[in-house]
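Trainee: I would like a close look at one pair of helices. Please keep the steps short.

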Amino acid sequence: MEFLLDGGQEAIRLLVNGDPETYSAIRATVAVSSLSVLASLALGIPLGFGLGYADFPGRRALRTMADTALALPTVVIGLVVYALLSKQGPLGHLGLLFTLPGIAIGLTILGVPIIVSLTATAVEGLDEDFRHTVLTLGANRRQMLLAGLWEARYSMMVAAVLAFGRIVSEVGIAMMVGGNIKWHTRTITTAIALETGKGEFATGIALGIVLLGIALAVNSGIVLLRKRARL
Amino acid sequence: MTTAAYELIDLTHYYGGHPALSLRHLAIRDCGVTGIVGPNGSGKSTLLKILAFLITPTRGRMLFRGKPAPSPAAGRKEATLLLQQTYLLKRSVFENVAYGLKVRGDTAGLEARVREALEMAGLAPDVFIRRQWRELSGGEARRVALASRLALRPRILLLDEPTGNLDKNSSQRIKEAALTVGKGWGTTLVIASHDMNWLETVADVIIPIESA
(Lines give C-alpha, C1' and ligand atoms only; values in the text may rest on other atoms or scores of the structure.)
Protein backbone atom coordinates (compact mmCIF):
# COMPACT_ATOMS: atom_id res chain seq x y z
CA MET A 1 0.00 0.00 0.00
CA GLU A 2 2.92 2.29 0.70
CA PHE A 3 3.78 2.67 -2.95
CA LEU A 4 0.27 3.93 -3.58
CA LEU A 5 0.63 6.65 -0.94
CA ASP A 6 4.09 7.55 -2.22
CA GLY A 7 2.66 7.57 -5.71
CA GLY A 8 -0.13 9.89 -4.62
CA GLN A 9 2.35 12.37 -3.09
CA GLU A 10 4.55 12.22 -6.18
CA ALA A 11 1.47 12.70 -8.34
CA ILE A 12 0.61 15.94 -6.57
CA ARG A 13 4.21 17.12 -6.99
CA LEU A 14 4.21 16.36 -10.72
CA LEU A 15 0.92 18.13 -11.27
CA VAL A 16 1.74 21.17 -9.14
CA ASN A 17 5.22 21.58 -10.65
CA GLY A 18 3.84 21.26 -14.16
CA ASP A 19 5.90 18.20 -15.14
CA PRO A 20 6.29 18.52 -18.93
CA GLU A 21 5.91 14.81 -19.69
CA THR A 22 2.72 14.53 -17.62
CA TYR A 23 1.22 17.63 -19.18
CA SER A 24 2.21 16.49 -22.67
CA ALA A 25 0.08 13.36 -22.18
CA ILE A 26 -2.79 15.44 -20.78
CA ARG A 27 -2.65 17.82 -23.75
CA ALA A 28 -2.55 14.97 -26.26
CA THR A 29 -5.54 13.32 -24.57
CA VAL A 30 -7.64 16.47 -24.46
CA ALA A 31 -6.78 17.32 -28.09
CA VAL A 32 -7.50 13.88 -29.49
CA SER A 33 -10.66 13.41 -27.40
CA SER A 34 -12.08 16.81 -28.36
CA LEU A 35 -11.36 16.19 -32.05
CA SER A 36 -13.01 12.75 -31.88
CA VAL A 37 -16.09 14.02 -30.05
CA LEU A 38 -16.57 16.83 -32.56
CA ALA A 39 -16.23 14.40 -35.48
CA SER A 40 -18.58 11.93 -33.75
CA LEU A 41 -21.18 14.68 -33.28
CA ALA A 42 -20.86 15.86 -36.89
CA LEU A 43 -21.43 12.34 -38.19
CA GLY A 44 -23.64 10.91 -35.44
CA ILE A 45 -26.29 13.62 -35.02
CA PRO A 46 -27.58 13.58 -38.64
CA LEU A 47 -27.43 9.77 -38.72
CA GLY A 48 -29.15 9.42 -35.34
CA PHE A 49 -31.78 12.00 -36.22
CA GLY A 50 -32.55 10.24 -39.50
CA LEU A 51 -32.70 6.89 -37.78
CA GLY A 52 -34.99 8.15 -35.03
CA TYR A 53 -37.22 10.32 -37.18
CA ALA A 54 -37.61 8.79 -40.61
CA ASP A 55 -39.54 5.64 -41.37
CA PHE A 56 -37.96 3.55 -44.13
CA PRO A 57 -37.46 -0.13 -44.96
CA GLY A 58 -34.59 -1.59 -42.95
CA ARG A 59 -34.75 1.09 -40.27
CA ARG A 60 -35.18 -1.44 -37.49
CA ALA A 61 -32.20 -3.46 -38.73
CA LEU A 62 -30.05 -0.32 -38.90
CA ARG A 63 -31.13 0.65 -35.40
CA THR A 64 -30.11 -2.78 -34.12
CA MET A 65 -26.75 -2.43 -35.89
CA ALA A 66 -26.16 0.98 -34.32
CA ASP A 67 -26.98 -0.39 -30.86
CA THR A 68 -24.73 -3.40 -31.44
CA ALA A 69 -21.89 -1.10 -32.48
CA LEU A 70 -21.97 0.34 -28.95
CA ALA A 71 -20.21 -2.85 -27.83
CA LEU A 72 -17.49 -2.82 -30.51
CA PRO A 73 -14.26 -4.06 -28.89
CA THR A 74 -11.71 -1.24 -28.99
CA VAL A 75 -8.86 -3.58 -29.97
CA VAL A 76 -10.85 -4.61 -33.04
CA ILE A 77 -11.35 -0.96 -33.98
CA GLY A 78 -7.64 -0.39 -33.36
CA LEU A 79 -6.72 -3.33 -35.55
CA VAL A 80 -8.98 -2.24 -38.42
CA VAL A 81 -7.83 1.38 -38.30
CA TYR A 82 -4.19 0.27 -38.08
CA ALA A 83 -4.70 -1.90 -41.16
CA LEU A 84 -6.35 0.97 -43.04
CA LEU A 85 -3.70 3.53 -42.13
CA SER A 86 -0.59 1.33 -42.42
CA LYS A 87 1.60 1.79 -45.48
CA GLN A 88 0.06 -1.26 -47.17
CA GLY A 89 -3.46 -0.11 -46.32
CA PRO A 90 -5.82 1.86 -48.59
CA LEU A 91 -5.31 5.05 -46.56
CA GLY A 92 -1.61 4.57 -45.99
CA HIS A 93 -0.69 7.43 -48.32
CA LEU A 94 -2.28 9.88 -45.88
CA GLY A 95 0.51 9.25 -43.38
CA LEU A 96 -1.86 9.23 -40.41
CA LEU A 97 -0.52 6.17 -38.61
CA PHE A 98 1.13 7.08 -35.29
CA THR A 99 -0.37 10.57 -35.32
CA LEU A 100 -3.03 12.22 -33.16
CA PRO A 101 -5.47 12.57 -36.12
CA GLY A 102 -4.96 8.84 -36.74
CA ILE A 103 -5.95 8.05 -33.15
CA ALA A 104 -8.90 10.45 -33.55
CA ILE A 105 -10.19 8.41 -36.51
CA GLY A 106 -10.26 5.26 -34.37
CA LEU A 107 -11.84 7.07 -31.43
CA THR A 108 -14.47 8.58 -33.73
CA ILE A 109 -15.48 5.06 -34.77
CA LEU A 110 -15.90 4.39 -31.06
CA GLY A 111 -17.91 7.58 -30.46
CA VAL A 112 -20.24 7.62 -33.46
CA PRO A 113 -22.45 4.68 -32.35
CA ILE A 114 -22.96 6.35 -28.95
CA ILE A 115 -24.11 9.59 -30.56
CA VAL A 116 -26.23 7.79 -33.19
CA SER A 117 -27.96 5.54 -30.69
CA LEU A 118 -28.69 8.20 -28.07
CA THR A 119 -29.76 10.80 -30.64
CA ALA A 120 -32.13 8.30 -32.23
CA THR A 121 -33.56 7.45 -28.79
CA ALA A 122 -34.02 11.15 -27.99
CA VAL A 123 -35.76 11.84 -31.30
CA GLU A 124 -37.97 8.76 -30.92
CA GLY A 125 -38.94 10.20 -27.53
CA LEU A 126 -40.43 13.28 -29.19
CA ASP A 127 -44.04 12.23 -29.14
CA GLU A 128 -46.92 13.07 -31.41
CA ASP A 129 -47.96 15.98 -29.21
CA PHE A 130 -44.69 17.73 -30.11
CA ARG A 131 -45.29 17.16 -33.83
CA HIS A 132 -48.89 18.31 -33.68
CA THR A 133 -48.01 21.34 -31.55
CA VAL A 134 -45.40 22.74 -33.94
CA LEU A 135 -47.51 21.92 -36.99
CA THR A 136 -50.64 23.59 -35.61
CA LEU A 137 -48.55 26.67 -34.79
CA GLY A 138 -47.65 26.85 -38.48
CA ALA A 139 -44.28 25.12 -38.82
CA ASN A 140 -43.40 23.47 -42.10
CA ARG A 141 -41.51 20.17 -42.30
CA ARG A 142 -38.06 21.76 -42.20
CA GLN A 143 -38.99 23.99 -39.26
CA MET A 144 -40.41 20.97 -37.46
CA LEU A 145 -37.12 19.07 -37.96
CA LEU A 146 -35.12 21.99 -36.58
CA ALA A 147 -37.48 22.34 -33.62
CA GLY A 148 -37.10 18.59 -33.00
CA LEU A 149 -33.32 18.89 -32.94
CA TRP A 150 -33.57 21.78 -30.50
CA GLU A 151 -36.04 19.87 -28.30
CA ALA A 152 -33.62 16.95 -28.10
CA ARG A 153 -30.61 19.17 -27.35
CA TYR A 154 -30.12 18.15 -23.73
CA SER A 155 -30.30 14.46 -24.61
CA MET A 156 -27.76 15.04 -27.37
CA MET A 157 -25.50 16.86 -24.94
CA VAL A 158 -25.73 13.83 -22.66
CA ALA A 159 -24.71 11.71 -25.65
CA ALA A 160 -21.73 13.99 -26.34
CA VAL A 161 -20.59 13.87 -22.72
CA LEU A 162 -20.99 10.08 -22.58
CA ALA A 163 -19.01 9.74 -25.80
CA PHE A 164 -16.30 12.00 -24.38
CA GLY A 165 -16.15 9.85 -21.24
CA ARG A 166 -15.77 6.67 -23.28
CA ILE A 167 -13.20 8.20 -25.65
CA VAL A 168 -11.03 9.86 -23.03
CA SER A 169 -10.59 6.61 -21.09
CA GLU A 170 -9.88 4.41 -24.12
CA VAL A 171 -6.50 2.67 -24.31
CA GLY A 172 -6.53 -0.02 -27.05
CA ILE A 173 -7.02 2.25 -30.06
CA ALA A 174 -4.65 4.91 -28.74
CA MET A 175 -1.97 2.31 -28.16
CA MET A 176 -2.31 0.50 -31.50
CA VAL A 177 -2.91 3.42 -33.82
CA GLY A 178 -0.91 6.05 -31.91
CA GLY A 179 2.05 3.86 -31.00
CA ASN A 180 2.45 5.55 -27.57
CA ILE A 181 5.20 7.88 -28.82
CA LYS A 182 6.55 10.14 -26.07
CA TRP A 183 5.86 13.89 -26.56
CA HIS A 184 3.82 13.02 -29.61
CA THR A 185 1.02 10.45 -29.38
CA ARG A 186 1.30 9.41 -25.73
CA THR A 187 -2.10 9.89 -24.08
CA ILE A 188 -3.06 9.61 -20.43
CA THR A 189 -4.20 6.01 -20.72
CA THR A 190 -1.25 4.76 -22.76
CA ALA A 191 1.12 6.58 -20.44
CA ILE A 192 -0.48 4.94 -17.39
CA ALA A 193 -0.13 1.51 -19.02
CA LEU A 194 3.52 2.19 -19.88
CA GLU A 195 4.56 3.77 -16.58
CA THR A 196 2.87 1.05 -14.54
CA GLY A 197 4.66 -1.55 -16.63
CA LYS A 198 7.98 0.17 -15.85
CA GLY A 199 7.15 0.33 -12.12
CA GLU A 200 6.86 4.15 -12.26
CA PHE A 201 3.72 4.36 -10.20
CA ALA A 202 3.94 8.08 -9.44
CA THR A 203 3.45 9.21 -13.00
CA GLY A 204 0.80 6.54 -13.49
CA ILE A 205 -1.10 7.66 -10.40
CA ALA A 206 -0.75 11.36 -11.33
CA LEU A 207 -2.27 10.67 -14.70
CA GLY A 208 -4.88 8.44 -13.08
CA ILE A 209 -5.91 11.34 -10.83
CA VAL A 210 -6.33 13.57 -13.87
CA LEU A 211 -8.39 10.88 -15.60
CA LEU A 212 -10.57 10.45 -12.50
CA GLY A 213 -11.02 14.23 -12.36
CA ILE A 214 -12.18 14.24 -15.96
CA ALA A 215 -14.51 11.29 -15.28
CA LEU A 216 -15.97 13.13 -12.28
CA ALA A 217 -16.56 16.27 -14.35
CA VAL A 218 -18.11 14.19 -17.13
CA ASN A 219 -20.46 12.41 -14.72
CA SER A 220 -21.48 15.67 -13.04
CA GLY A 221 -22.28 17.05 -16.49
CA ILE A 222 -24.38 14.00 -17.31
CA VAL A 223 -26.37 14.24 -14.07
CA LEU A 224 -27.08 17.93 -14.71
CA LEU A 225 -28.04 17.45 -18.35
CA ARG A 226 -30.22 14.39 -17.65
CA LYS A 227 -32.13 16.46 -15.11
CA ARG A 228 -32.73 19.13 -17.74
CA ALA A 229 -33.62 16.58 -20.42
CA ARG A 230 -36.32 15.05 -18.20
CA LEU A 231 -37.98 18.38 -17.46
CA MET B 1 -77.30 32.08 -44.46
CA THR B 2 -73.53 31.77 -43.99
CA THR B 3 -71.46 28.99 -45.50
CA ALA B 4 -70.34 26.37 -43.00
CA ALA B 5 -66.69 26.55 -41.97
CA TYR B 6 -66.54 22.77 -42.19
CA GLU B 7 -68.82 20.16 -43.62
CA LEU B 8 -67.96 16.53 -43.01
CA ILE B 9 -69.75 13.89 -45.04
CA ASP B 10 -69.64 10.12 -44.40
CA LEU B 11 -66.36 10.55 -42.64
CA THR B 12 -64.52 7.76 -40.84
CA HIS B 13 -61.09 7.65 -39.26
CA TYR B 14 -59.23 4.58 -38.11
CA TYR B 15 -56.20 4.15 -35.87
CA GLY B 16 -54.44 0.88 -36.62
CA GLY B 17 -57.60 -0.71 -37.98
CA HIS B 18 -59.79 0.45 -35.09
CA PRO B 19 -62.48 3.04 -35.83
CA ALA B 20 -61.88 6.25 -33.86
CA LEU B 21 -64.49 8.50 -35.45
CA SER B 22 -67.52 7.91 -37.63
CA LEU B 23 -69.81 10.72 -38.79
CA ARG B 24 -72.64 10.69 -41.34
CA HIS B 25 -72.87 14.44 -41.63
CA LEU B 26 -71.55 17.29 -39.55
CA ALA B 27 -71.53 21.02 -40.29
CA ILE B 28 -69.78 23.65 -38.20
CA ARG B 29 -70.75 27.29 -38.58
CA ASP B 30 -68.18 29.84 -39.72
CA CYS B 31 -68.78 32.13 -36.77
CA GLY B 32 -69.46 32.09 -33.08
CA VAL B 33 -68.80 29.28 -30.63
CA THR B 34 -69.55 25.62 -31.36
CA GLY B 35 -69.39 23.09 -28.55
CA ILE B 36 -68.61 19.42 -29.19
CA VAL B 37 -69.73 16.93 -26.56
CA GLY B 38 -69.51 13.19 -26.38
CA PRO B 39 -68.41 10.35 -24.11
CA ASN B 40 -64.78 9.30 -23.75
CA GLY B 41 -63.63 7.53 -26.87
CA SER B 42 -66.26 9.13 -29.08
CA GLY B 43 -63.53 10.71 -31.20
CA LYS B 44 -63.71 14.36 -30.11
CA SER B 45 -59.92 14.76 -30.15
CA THR B 46 -59.68 12.97 -33.49
CA LEU B 47 -62.36 15.25 -34.90
CA LEU B 48 -60.53 18.38 -33.75
CA LYS B 49 -57.24 17.10 -35.24
CA ILE B 50 -59.03 16.57 -38.55
CA LEU B 51 -60.53 20.08 -38.35
CA ALA B 52 -57.03 21.42 -37.57
CA PHE B 53 -55.63 19.68 -40.67
CA LEU B 54 -53.25 17.65 -38.52
CA ILE B 55 -54.59 14.27 -39.63
CA THR B 56 -56.33 13.28 -42.82
CA PRO B 57 -59.46 11.17 -42.37
CA THR B 58 -59.22 7.59 -43.61
CA ARG B 59 -62.47 7.87 -45.56
CA GLY B 60 -65.07 10.48 -46.40
CA ARG B 61 -65.24 14.06 -47.57
CA MET B 62 -64.45 17.31 -45.84
CA LEU B 63 -65.50 20.65 -47.25
CA PHE B 64 -63.89 23.82 -45.96
CA ARG B 65 -65.97 26.93 -46.50
CA GLY B 66 -67.95 25.12 -49.16
CA LYS B 67 -64.92 23.92 -51.12
CA PRO B 68 -62.85 20.74 -51.00
CA ALA B 69 -60.43 20.87 -48.07
CA PRO B 70 -57.19 22.71 -48.91
CA SER B 71 -53.74 21.22 -48.42
CA PRO B 72 -52.89 20.59 -44.75
CA ALA B 73 -50.29 23.39 -44.79
CA ALA B 74 -52.79 25.89 -46.23
CA GLY B 75 -55.49 24.73 -43.81
CA ARG B 76 -53.21 25.15 -40.82
CA LYS B 77 -52.80 28.83 -41.69
CA GLU B 78 -56.53 29.23 -41.00
CA ALA B 79 -57.10 26.89 -38.06
CA THR B 80 -55.05 26.19 -34.95
CA LEU B 81 -55.64 23.67 -32.19
CA LEU B 82 -54.98 23.67 -28.46
CA LEU B 83 -54.28 19.97 -27.91
CA GLN B 84 -55.77 18.05 -25.01
CA GLN B 85 -52.26 17.30 -23.72
CA THR B 86 -50.28 20.47 -23.10
CA TYR B 87 -46.96 20.42 -24.90
CA LEU B 88 -44.59 23.32 -24.40
CA LEU B 89 -41.34 23.61 -26.28
CA LYS B 90 -38.28 23.40 -24.01
CA ARG B 91 -37.80 27.14 -24.24
CA SER B 92 -38.83 30.30 -22.42
CA VAL B 93 -42.44 31.46 -22.24
CA PHE B 94 -41.61 34.23 -24.73
CA GLU B 95 -40.11 31.74 -27.20
CA ASN B 96 -43.11 29.44 -26.84
CA VAL B 97 -45.66 32.16 -27.51
CA ALA B 98 -43.57 33.74 -30.28
CA TYR B 99 -42.83 30.41 -32.03
CA GLY B 100 -45.92 30.36 -34.24
CA LEU B 101 -45.47 33.97 -35.31
CA LYS B 102 -41.79 33.37 -36.10
CA VAL B 103 -42.34 30.26 -38.22
CA ARG B 104 -45.05 32.13 -40.12
CA GLY B 105 -42.62 35.01 -40.70
CA ASP B 106 -45.05 37.38 -38.98
CA THR B 107 -42.69 39.08 -36.55
CA ALA B 108 -43.75 42.75 -36.64
CA GLY B 109 -44.25 43.99 -33.07
CA LEU B 110 -43.41 40.52 -31.78
CA GLU B 111 -42.89 41.30 -28.11
CA ALA B 112 -46.01 43.46 -27.87
CA ARG B 113 -48.10 40.68 -29.40
CA VAL B 114 -46.62 38.08 -27.08
CA ARG B 115 -47.40 40.29 -24.12
CA GLU B 116 -50.97 40.86 -25.30
CA ALA B 117 -51.52 37.11 -25.74
CA LEU B 118 -50.15 36.38 -22.28
CA GLU B 119 -52.41 39.00 -20.75
CA MET B 120 -55.40 37.51 -22.52
CA ALA B 121 -54.52 34.12 -21.09
CA GLY B 122 -54.41 35.67 -17.62
CA LEU B 123 -50.61 35.62 -17.21
CA ALA B 124 -48.85 38.85 -16.18
CA PRO B 125 -46.25 39.37 -18.94
CA ASP B 126 -43.67 40.96 -16.64
CA VAL B 127 -43.82 37.94 -14.35
CA PHE B 128 -43.93 35.15 -16.92
CA ILE B 129 -42.36 36.25 -20.19
CA ARG B 130 -38.76 35.32 -19.25
CA ARG B 131 -39.62 32.15 -17.35
CA GLN B 132 -38.48 28.79 -18.67
CA TRP B 133 -40.96 26.05 -19.50
CA ARG B 134 -39.79 24.04 -16.49
CA GLU B 135 -40.69 26.86 -14.11
CA LEU B 136 -44.43 26.69 -14.78
CA SER B 137 -47.23 24.85 -13.00
CA GLY B 138 -49.64 22.71 -15.03
CA GLY B 139 -52.24 25.49 -15.16
CA GLU B 140 -49.67 28.12 -16.16
CA ALA B 141 -48.28 25.85 -18.88
CA ARG B 142 -51.81 25.34 -20.22
CA ARG B 143 -52.34 29.08 -20.37
CA VAL B 144 -48.98 29.63 -22.10
CA ALA B 145 -50.05 27.03 -24.68
CA LEU B 146 -53.32 28.93 -25.15
CA ALA B 147 -51.43 32.24 -25.42
CA SER B 148 -49.27 30.76 -28.21
CA ARG B 149 -52.48 30.13 -30.19
CA LEU B 150 -54.06 33.48 -29.31
CA ALA B 151 -50.94 35.32 -30.52
CA LEU B 152 -51.68 34.00 -34.01
CA ARG B 153 -55.16 35.59 -34.02
CA PRO B 154 -56.42 32.56 -35.95
CA ARG B 155 -59.57 32.62 -38.09
CA ILE B 156 -60.55 29.31 -36.47
CA LEU B 157 -59.51 28.28 -32.97
CA LEU B 158 -60.07 24.70 -31.82
CA LEU B 159 -59.84 23.91 -28.13
CA ASP B 160 -59.64 20.31 -26.92
CA GLU B 161 -60.70 20.03 -23.27
CA PRO B 162 -59.20 23.44 -22.53
CA THR B 163 -60.02 23.34 -18.82
CA GLY B 164 -59.37 19.63 -18.16
CA ASN B 165 -57.44 18.88 -14.93
CA LEU B 166 -56.97 22.56 -14.12
CA ASP B 167 -57.57 24.47 -10.91
CA LYS B 168 -60.49 26.87 -10.66
CA ASN B 169 -58.44 29.99 -11.32
CA SER B 170 -56.74 28.64 -14.46
CA SER B 171 -60.07 27.29 -15.76
CA GLN B 172 -61.72 30.66 -15.23
CA ARG B 173 -58.93 32.52 -17.06
CA ILE B 174 -59.11 30.15 -20.02
CA LYS B 175 -62.89 30.48 -20.18
CA GLU B 176 -62.63 34.27 -20.19
CA ALA B 177 -60.00 34.20 -22.97
CA ALA B 178 -62.13 31.82 -25.04
CA LEU B 179 -65.11 34.10 -24.63
CA THR B 180 -63.12 37.16 -25.75
CA VAL B 181 -61.91 35.32 -28.84
CA GLY B 182 -65.25 33.80 -29.75
CA LYS B 183 -67.42 36.82 -29.12
CA GLY B 184 -65.00 39.73 -29.54
CA TRP B 185 -62.62 38.79 -32.37
CA GLY B 186 -65.09 37.11 -34.67
CA THR B 187 -62.94 34.00 -34.58
CA THR B 188 -64.77 30.75 -35.16
CA LEU B 189 -64.31 28.82 -31.94
CA VAL B 190 -64.82 25.07 -31.63
CA ILE B 191 -64.57 23.64 -28.13
CA ALA B 192 -64.61 19.99 -27.11
CA SER B 193 -65.24 19.75 -23.40
CA HIS B 194 -66.76 17.64 -20.66
CA ASP B 195 -67.73 20.83 -18.87
CA MET B 196 -71.35 20.94 -20.05
CA ASN B 197 -72.32 23.75 -17.69
CA TRP B 198 -69.67 26.01 -19.18
CA LEU B 199 -70.32 24.94 -22.76
CA GLU B 200 -74.00 25.74 -22.36
CA THR B 201 -73.15 29.28 -21.26
CA VAL B 202 -70.64 30.05 -24.05
CA ALA B 203 -71.61 27.93 -27.06
CA ASP B 204 -74.11 29.09 -29.65
CA VAL B 205 -74.50 25.52 -30.82
CA ILE B 206 -73.69 22.24 -29.12
CA ILE B 207 -73.11 19.18 -31.27
CA PRO B 208 -73.16 15.75 -29.65
CA ILE B 209 -71.07 13.02 -31.23
CA GLU B 210 -71.30 9.31 -30.48
CA SER B 211 -68.76 6.50 -30.33
CA ALA B 212 -67.63 5.23 -33.69
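What is the hand of the crossing of helix 5 of chain A and helix 8 of chain A, left-handed or right-handed?

Mentor: First, some ground rules. This is a predicted model, where local features need pLDDT of at least 70, side-chain atom pairs count only at pLDDT 80 or more, and totals for chains, interfaces and linings use all residues. Residues are numbered from 1 along each chain as its sequence is written, while chains are lettered from A and ligands numbered from 1 in the order in which they are written.

Now your pair. The crossing of helix 5 of chain A and helix 8 of chain A is right-handed (the near helix is turned clockwise from the far one by less than a right angle; anticlockwise would be left-handed). Helices here are DSSP runs of H or I, at least four residues, numbered from the N terminus. Helix 5 covers residues 100–124, and helix 8 covers residues 153–168. Two packed helices are described by an angle and a distance between their axes. Here the angle is about 155° and the axes are 9 Å apart. Axes are lines fitted to C-alpha atoms over the stretch in contact, with angles from 0 to 180 degrees between N-to-C directions. The two helices are therefore roughly antiparallel (over 145 degrees).

Next, who meets whom? Helix 5 brings residues including A:Leu107, A:Gly111, A:Ile115 and A:Thr119. Helix 8 answers with residues including A:Ser155, A:Val158, A:Leu162 and A:Arg166. Contact means that C-beta atoms, placed from the backbone, lie within 7 Å. By class, this contact has 13 nonpolar, three polar and one charged residues. Ala, Val, Leu, Ile, Met, Phe, Trp, Tyr, Cys and Pro count as nonpolar, Asp, Glu, Lys and Arg as charged, and the others, Gly among them, as polar.

Now follow A:Ile115 and A:Thr119 to another partner. Both are in contact with A:Gly44, as are A:Val112 and A:Val116. That list leaves aside neighbours of A:Gly44 within four places in sequence. A:Gly44 lies in helix 2 of chain A, residues 20–53. The C-alpha atoms of A:Gly44 and A:Pro113 are separated by 7.1 Å, although their places lie 69 residues apart along the chain. A:Gly44 counts as buried because it has 28 C-beta neighbours inside 10 Å (buried takes 20 or more others within 10 Å).

Put it together. A:Ile115 and A:Thr119 of helix 5 meet helix 8, and these two residues also touch A:Gly44.

Conventions. A residue is buried if 20 or more other C-beta atoms lie within 10 Å of its own, exposed if 12 or fewer, and partly exposed in between; C-beta atoms are placed from the backbone. Angles under 35 degrees count as roughly parallel, over 145 as roughly antiparallel, 65 to 115 as roughly perpendicular and the rest as oblique.
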